[in-house]
Amino acid sequence: MTAGNSGGRRPPVRDAGTRQRSAARLVGRQAVRRVVAELTTADTGDRTAGDPARGRAGSRRRPREGARRRGFVLALAASLAVLLVAAVGAVWFRLDGDITAFSAGGESKNRPPANQAGENVLLLGSDSRAGSNRDFAGGTGDIGRSDTAILLHVFADHRHALGVSVPRDSLVTIPPCLLPNGSWSPTQYDTPFNAAFSMGDTVKGNPACTQNTVEQLTGLRVDHTIVVDFAGFAAMTDAVHGVQVCVPSAIHQGDIDPNLGFPGPLVFPKGLQTVSGAKALDYVRLRHGIGDGSDIGRTQRQQAFIGGMIKKVRGDGFDVSTLLPLADAAAKSLTVDPGLDSAGKLLSFAQSLKGISLSDIQFVTAPWRYAGEKIDLVHPDVDALWAALKADRTLSGENASGRGASPSSAASPVPSSATPVDGGGMPVAVYNGTTVPGLAARAAALLQSDAFTVTGTGTALSQAHTTTLVEYGRAHRSTAENVVRLFPGARLVPTPAVAGVDLVLGTDFTSPVPTATALPSTDAANARTADEDPCADLSYGAGG
């Protein structure tokens with residue numbers, strides 16, 4: 001018998017890596033229980049009347065405010081993870097999760113400046129039919145696609161959050177993106193927004209390209225990007241034992257699969273019901289049979305689903321046995337940017353959300369209008385939305401920056417003409433004559449919204465222009481005059497060497513965004529909160 005080994009067996013040999021992993025798992029489990037205990041205690045404090053530590057905040061809130069906040073971090077995280085509006089929150093409970101990160105090499109080299117206040121998180125749903133996703137998605141093809149995109153802005157005061165859905169068919173400018181062969185794609189104009197994710201035709205998609213497109217579209221820096229797939233969505237809804245949803249009209253199999261040719265069996269009866277797994281996926285993907293069958297109506301139901309998921313997780317409580325299956329499902333299905341590639345980073349972000357009540361989590365669709373079968377984003381309404389987020393102002397115009405208002409906190413108004421401008425499809429090339437990133441894309445969007453055809457964007461030979469110039473050839477003065485109406489203060493410059501019309505932007509266009517006060521009332525009125533009636537505003541157009 002070997003001395004010191006009373007059992008007569010040699011102890012197992014454990015290398016340093018094994019010991020480190022075991023220690024990490026132990027620390028992870030301890031951290032989970034510690035965080036859950038802290039949040040549960042915080043909830044108890046919220047519910048305790050007269051708690052001196054909560055007195056001042058409690059005096060401002062309605063009764064049951066604390067109850068609405070219970071479980072918010074996980075609730076928001078889990079629900080938005082499903083539709084990509086903060087899946088990150090669920091993952092921080094699974095500290096030893098297997099999180100996949102995409103390469104930072106595909107991020108634009110010309111990004112907006114870092115945010116000084118709030119955070120922007122881009123959440124994307126992957127529609128790839130590859131691997132286990134084929135069991136849920138149906139169809140064929142292994143190219144990653146994304147029909148769900150939400151830009152979540154967490155305001156600097158950490159008391160408000162706004163998720164902005166970007167319609168998949170929105171015509172936008174897709175900037176150069178890194179392709180699998182190491183080259184960069186050319187800029188693409190008037191291209192459906194969801195084409196960015198498929199750039200390069202890979203199974204995993206191209207989340208960096210979508211991130212670059214959102215930054216160019218909004219002028220906002222995207223701090224983090226999160227992608228979740230079909231299988232992950234289904235697994236997370238199973239983990240919480242289903243989510244209550246509302247269906248405005250009975251849905252049959254033929255509505256889910258229009259190629260069926262007949263109604264088929266009933267899939268969703270009209271009214272409230274609980275869905276999970278593949279059926280939950282069918283619900284959030286459903287377009288036909290409700291309203292006008294558009295992607296816009298589907299977006300409204302996805303936003304409602306988020307609210308339902310939040311309420312479900314909150315209702316189940318902060319028990320570890322409830323949370324860990326959800327976290328496990330989320331961790332296995334996420335692809336994130338390098339800034340969220342560790343449990344510590346995920347934890348830090350999730351903790352920043354815990355002070356937000358359900359009534360202060362809002363969702364809105366970027367202002368839009370139909371352009372044939374596609375969609376145009378509406379200017380200047382959408383510019384007002386991006387400006388509000390940049391200035392940390394809520395939809396109602398409330399200053400949510402966490403600091404007092406200052407004269408510089410509001411941006412300059414967008415110059416607009418007294419009468420509408422119709423570009424009639426006339427071609428205009430746009431050049432950035434400044435060092436301000438994204439300026440050409442913003443001007444191009446403004447031109448496109450008034451029916452001009454943007455033939456290209458680029459950088460001017462000189463980036464020291466102070467005044468915006470509209471250079472035009474001999475036969476194009478009338479087009480140039482129309483362009484000037486969109487850019488008051490710009491100078492008309494006859495230039496024989498120019499074949500058409502060139503717009504050269506100066507520093508007088510460096511802040512052509514709306515005053516950051518509030519969205520137009522019609523857009524703000526269409527926002528929904530996380531605690532809204534699940535049966536309200538679930539479709540767009542006639543038919544449901």
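**Entry 1: Terms and starting point**

I start with a cut-off: a residue is buried under 20% relative accessible area, exposed over 50%, and partly exposed in between. I note that this model is predicted.

I try the cut-off on Cys535. Is it buried, exposed or partly exposed? Its relative accessible area is 34%, so Cys535 is partly exposed.

**Entry 2: Disulfides**

I recall that a disulfide is a covalent bond between the sulfur atoms of two cysteines. How many disulfides does a search of the whole structure find? I get 2.

I look at Cys535 again. Cys535 forms a disulfide with Cys246, and their sulfur atoms are 2.1 Å apart. I check the torsion about the S-S bond of Cys246 and Cys535. The torsion is about 100 degrees, so this disulfide is right-handed. Where do the two cysteines lie? I find Cys246 in strand 8, residues 243-247. Cys535 sits in the segment after strand 21 (528-529). The two are 289 residues apart, and the pair links distant parts of the chain. Cys246 has a relative accessible area of 6%, so I log Cys246 as buried.

I turn to the other bond. Cys177 is joined to Cys209, with an S to S distance of 2.1 Å. The link of Cys177 and Cys209 is right-handed, with 70 degrees about the S-S bond. Cys177 lies in the loop between strand 5 and strand 6 (188-192), and Cys209 lies in helix 7, so the pair ties together parts that are 32 residues apart in sequence. Both Cys177 and Cys209 are buried.

I count the bonded cysteines along the chain. The pattern is 1-2, 3-4.

**Entry 3: Aromatic pairs**

I search the whole structure for aromatic pairs and find 5. I pick Phe268 and Tyr283. How do their planes sit? The ring centres are 6.2 Å apart and the planes are at 75 degrees, so the pair is edge-to-face. The cut-off I need here is over 60 degrees for edge-to-face.

Phe268 belongs to strand 10 (residues 266-268) and Tyr283 to helix 10 (residues 277-285), so the pair ties together parts that are 15 residues apart in sequence. I log Phe268 and Tyr283 as buried. I follow the ring pairs onward. They link Phe233, Phe268, Tyr283 and Phe305 into a cluster.

**Entry 4: Nonpolar cores**

Which residues have the most contacts inside the largest nonpolar core? I list Ile226, Phe268, Tyr283, Phe305, Leu326 and Ile361. This core has 45 residues. Helix 11 (residues 295-316) gives the largest share, 6 residues.

I also find a second, separate core of 33 residues. Among its members are Leu162, Ile174, Cys177 and Val214. I have met Cys177 before, in the disulfide with Cys209.

**Entry 5: Helix 8**

I check helix 8, residues 230-239. Why do I call it largely enclosed by the rest of the structure? 8 of its 10 residues are buried, so the description fits. The buried ones include Phe230, Phe233, Met236 and Thr237. Phe233 is also part of the ring cluster. After helix 8 comes His241, and its phi is positive, near 60 degrees.

**Entry 6: Cavities**

I recall that rolling a probe the size of a water molecule over the atoms shows where empty space is left. I count 4 cavities of 30 Å³ or more. The largest cavity holds about 180 Å³ of space. I list what lines it: 14 residues, with Leu171, Val172, Leu217, Ala445 and Gln448 closest to its centre.

Which elements give two or more residues to this lining? They are strand 5 (171-174), helix 7 (207-218), strand 15 (374-377) and helix 15 (439-449). Helix 15 gives the largest share, 5 residues. By class, the lining of the largest cavity has 6 nonpolar, 5 polar and 3 charged residues.

**Entry 7: Two contacts across the chain**

I look up Trp386 in helix 14 (residues 381-390). Its relative accessibility is 5%, so Trp386 counts as buried. The C-alpha atoms of Trp386 and Thr218 are separated by 5.8 Å, though the two are 168 residues apart along the chain.

Then I look up Gly355. The loop between helix 13 (343-351) and strand 13 (361-365) holds Gly355. With a relative accessible area of 14%, Gly355 is buried. The C-alpha atoms of Gly355 and His158 are 6.3 Å apart, and 197 residues separate the two along the chain.

Technical notes. Residues are numbered from 1 along each chain as its sequence is written. This is a predicted model: local features need pLDDT of at least 70, side-chain atom pairs count only at pLDDT 80 or more; totals for chains, interfaces and linings use all residues. Side-chain values use heavy atoms; hydrogens and water are left out. On a 1 Å grid over the protein atoms alone, a cavity is a set of points where a 1.4 Å probe fits but cannot get out, and a pocket is an open set with protein on both sides within 12 Å along at least five of seven lines; lining residues have an atom within 4 Å of a point. Grid points are joined across faces, edges and corners, and a volume is the space filled by probe spheres set on the points. Helices (H or I, at least four residues) and strands (E, at least two) are DSSP runs, numbered from the N terminus. Ala, Val, Leu, Ile, Met, Phe, Trp, Tyr, Cys and Pro count as nonpolar, Asp, Glu, Lys and Arg as charged, and the others, Gly among them, as polar. Rings of Phe, Tyr and Trp (its six-membered ring) pair if their centres lie within 6.5 Å; planes under 30 degrees apart count as stacked, over 60 as edge-to-face and the rest as tilted. Buried means under 20% relative accessible area, exposed over 50%, partly exposed in between (1.4 Å probe, protein chains only). A nonpolar core is a set of buried Ala, Val, Leu, Ile, Met, Phe, Trp, Tyr and Cys residues joined through side-chain atoms within 4.5 Å. A disulfide is a pair of cysteine sulfur atoms within 2.5 Å.
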